[in-house]
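Colleague: I would like to learn how to read a model like this one feature by feature, starting from a single residue and working outwards. Could you take me through it?

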Amino acid sequence: MGVQDAIAEISTFLGQRLTRSKSDLDLHGRSESYFPLTPPDAVAYPETTQEVAQILRACAKAGCPVIGWGTGTSLEGQAQAFQGGISVDFSRMNRVLEIRQQDMDVTVQPGVTRQSLNEELRATGLFFPVDPGANASLGGMASTRASGTTAVRYGTMRENVLGLEVVTAGGEIIRTGTRARKSSSGYDLTSLFVGAEGTLGLITELTLRLHGQPEAISSAVCGFDTMGGAVQAVIDTIQMGVPMARIELMDEASVAAVNAYSGMTLPERPHLLLEFHGSDAGVAEQAETFGLIAAEHGGSGFDWATRAEDRTALWTMRHNAYHAILASRPGTRAVVTDNCVPISRLAEAIEGTQADLEEAGLPGPILGHVGDGNFHAILMFDENDADAVARAKTVSDKMVTRALALGGTATGEHGIGVGKLNYMAREHGGAWQVMGAVKAALDPQNIMNPGKLVPPRN
């Protein structure tokens with residue numbers, strides 16, 4: 001038994017929705033980051049939970065690897081088939097199943113994207129806040145425990161997933177959690193599957209927490225004389241309890257890249273991008289308080305955006321920053337670092353990273369969701385230059401070592417996949433082996449996204 005046996009069985013019930021065309025295989029073998037093309041053996045397009053269960057039963061019987069696929073926006077190779085197998089594409093399971101306005105929650109299929117959900121919610125006065133930048137699928141966002149620009153106020157996927165429907169490695173359909181806002185009933189299996197990166201099962205339905213659309217929204221950009229001043233303004237703002245909805249950092253190199261890519265005209269110096277949510281009076285008070293803090297640390301040149309189209313342009317610019325940075329050096333690839341540290345240690349972490357980049361002679365624009373201590377250095381290199389590749393990986397390793405020493409993590413939001421697998425033992429010690437034991441218990445054949453997240457099996 002093997003991959004071909006699984007393909008033969010799955011084709012009997014999916015028909016043409018199981019494909020082996022080169023274009024489909026190549027599409028599902030790509031990554032947003034630096035990993036090489038690694039196509040699966042076939043791509044399945046289920047339309048129901050029952051079909052997903054049939055796929056997994058066939059794969060379990062054949063010992064065939066299974067990899068979940070949302071929109072392919074993950075950055076650590078989570079959706080690539082490094083060991084072959086079947087890629088399960090959830091793009092046809094894309095329905096919003098039920099919106100419950102009074103309870104402020106919604107149930108969706110995993111292929112629904114965050115933008116399409118918010119379009120569906122527009123008339124209800126509610127919205128789903130988690131915004132990783134890319135128009136990712138909600139199933140993929142749950143699987144990587146994604147967050148993004150709004151996490152500083154609204155939390156990550158961990159805080160916003162109430163319950164799940166999951167198909168296990170053996171093809172059993174289970175439900176985790178309830179629609180209640182709290183529970184003391186047993187193990188928190190919802191949190192176990194959120195962030196499991198498809199290594200324990202495939203998510204086929206999500207119940208999500210919704211939030212009320214704020215009465216007033218105001219966004220702004222503010223320039224600073226130094227990176228240190230910008231970072232200290234962030235730290236002081238958080239410590240004073242100002243309820244920022246977003247507070248993002250871009251260094252000089254990031255600003256130059258987005259200016260060229262998006263047609264912006266920001267001065268080429270460190271900038272914070274801000275957003276305030278609340279009542280008209282509350283937003284005005286928050287903005288005034290931040291302005292006083294920023295001025296103490298060399299902040300000036302506030303540019304306010306209160307019209308929806310201006311705010312959209314501002315955040316589109318920020319969300320496109322990664323692509324803008326790559327476009328600034330055509331032909332380069334990038335290691336996208338993703339450190340997160342306690343907010344009080346943020347300045348130390350960023351200053352250390354800047355020193356590492358200077359020592360390595362490597363371009364690495366810095367940006368990030370600094371309101372919760374999460375920042376990224378985009379380490380660019382020519383993949384044909386072995387020395388540049390080695391220097392990029394050395395800088396990444398130094399950044400992780402520093403983050404862990406400061407009480408932080410190797411990844412604030414992008415997850416592990418294969419890209420950060422080598423950091424897990426350092427960060428978790430013996431707890432990483434416990435993760436492997438959980439994986440072995442729920443997936444004894446190791447067919448669910450093998451080679452990712454947990455210790456490799458012998």
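Colleague: Is Met93 buried or exposed?

Modeller: This is a predicted model, and in it Met93 has a relative accessible area of 0%. Buried means under 20% relative accessible area, so Met93 counts as buried. Met93 belongs to the loop between β4 and β5.

Colleague: Which residues is Met93 in contact with, leaving aside its neighbours within four places in sequence?

Modeller: The contacts of Met93 include Pro46, Glu47, Thr48, Thr49 and Val52, and also Gln109, Pro110, Gly111 and Val112, with Thr204 on the list as well. Separation in sequence and separation in space are two readings to set side by side: Met93 and Val434 are 341 residues apart in sequence, and their C-alpha atoms are 33 Å apart in space.

Colleague: How far apart in space are Asp443 and Ala60?

Modeller: From C-alpha to C-alpha the distance is 9.3 Å, although 383 residues separate Asp443 and Ala60 in sequence. Asp443 lies in the segment that follows α17 (430-442), and because its relative accessibility is 1%, Asp443 counts as buried. Outside its neighbours within four places in sequence, Asp443 is in contact with Ala169, Thr199, Met448 and Arg457.

Colleague: Where is Ser254 found, and what is its relative accessibility?

Modeller: Ser254 sits in helix α10, which covers residues 252-262, and with 1% relative accessibility Ser254 counts as buried. Its contacts, once the neighbours within four places in sequence are set aside, are Ile325, Pro365, Ile366 and Leu367.

Colleague: Let us turn to the strands. How do strands of a sheet pair?

Modeller: The general idea is that strands of a sheet pair through backbone hydrogen bonds, either parallel or antiparallel. In this model, one open sheet of four strands has the order β1-β2-β4-β3, with mixed pairing. Its edge strands are β1 (18-19) and β3 (66-69), each of which pairs on one side only. Strand β3 runs parallel to β4 (residues 86-89), with four bridges joining the two, and Gly68 has Val88 as its bridge partner in β4.

Colleague: Which residues of strand β6 are buried on its two sides?

Modeller: Strand β6 (residues 105-108) has Asp105 and Thr107 on one side and Val106 and Val108 on the other, all of them buried, and both of its faces are therefore covered. Strand β5 (residues 96-100) pairs with β6 in the antiparallel sense over four bridges, and Val96 has Val108 as its bridge partner in β6. The two strands form a hairpin with four residues between them, and in that turn Met104 has a positive phi of about 55 degrees. Strand β6 is also joined to β10 (residues 201-209) by four bridges, again antiparallel, and there the partner of Asp105 is Arg209.

Colleague: How many bridges join β8 to β10, and how many join β8 to β9?

Modeller: Seven bridges join β8 to β10 and five join β8 to β9 (residues 173-177), with an antiparallel run in the former case and in the latter. Glu165 illustrates the arrangement, for its bridge partner in β10 is Glu205, while its bridge partner in β9 is Arg175. Strand β8 (residues 161-168) is mostly covered, since eight of its eight residues are buried. With β9, strand β8 forms a hairpin that has four residues between the strands, and Gly171 in the turn has a positive phi of about 95 degrees.

Colleague: Stepping back to the whole chain, what radius of gyration does it have?

Modeller: The radius of gyration is 22 Å, which agrees with the value near 23 Å that a compact globule of 458 residues would have. Along its principal axes the C-alpha trace spans about 65 × 60 × 40 Å, and the secondary structure comes to 17 helices and 19 strands. Buried residues account for 56% of the 458 residues, and of the contacts between residues at least 6 apart in sequence, 71% join residues at least 24 apart.

Colleague: How many positive and negative side chains does the chain have?

Modeller: There are 36 positive and 52 negative side chains, and the centres of the two sets lie 6 Å apart. As for the surface, the chain exposes about 18600 Å², of which carbon and sulfur atoms supply 49%.

Conventions:
Residues are numbered from 1 along each chain as its sequence is written. This is a predicted model: local features need pLDDT of at least 70, side-chain atom pairs count only at pLDDT 80 or more; totals for chains, interfaces and linings use all residues. Side-chain values use heavy atoms; hydrogens and water are left out. The radius of gyration is taken over C-alpha atoms; the globule rule is 2.2 Å times the number of residues to the power 0.38. Buried means under 20% relative accessible area, exposed over 50%, partly exposed in between (1.4 Å probe, protein chains only). Contact means heavy atoms within 4.5 Å. Accessible areas come from the Shrake-Rupley method with a 1.4 Å probe; for residues, only the protein chains shown count as cover. Lys and Arg count as positive and Asp and Glu as negative; His and the chain ends are not counted. The place of a charge is taken as NZ of Lys, CZ of Arg, CG of Asp or CD of Glu. Two strands pair if DSSP finds at least two bridges between them.
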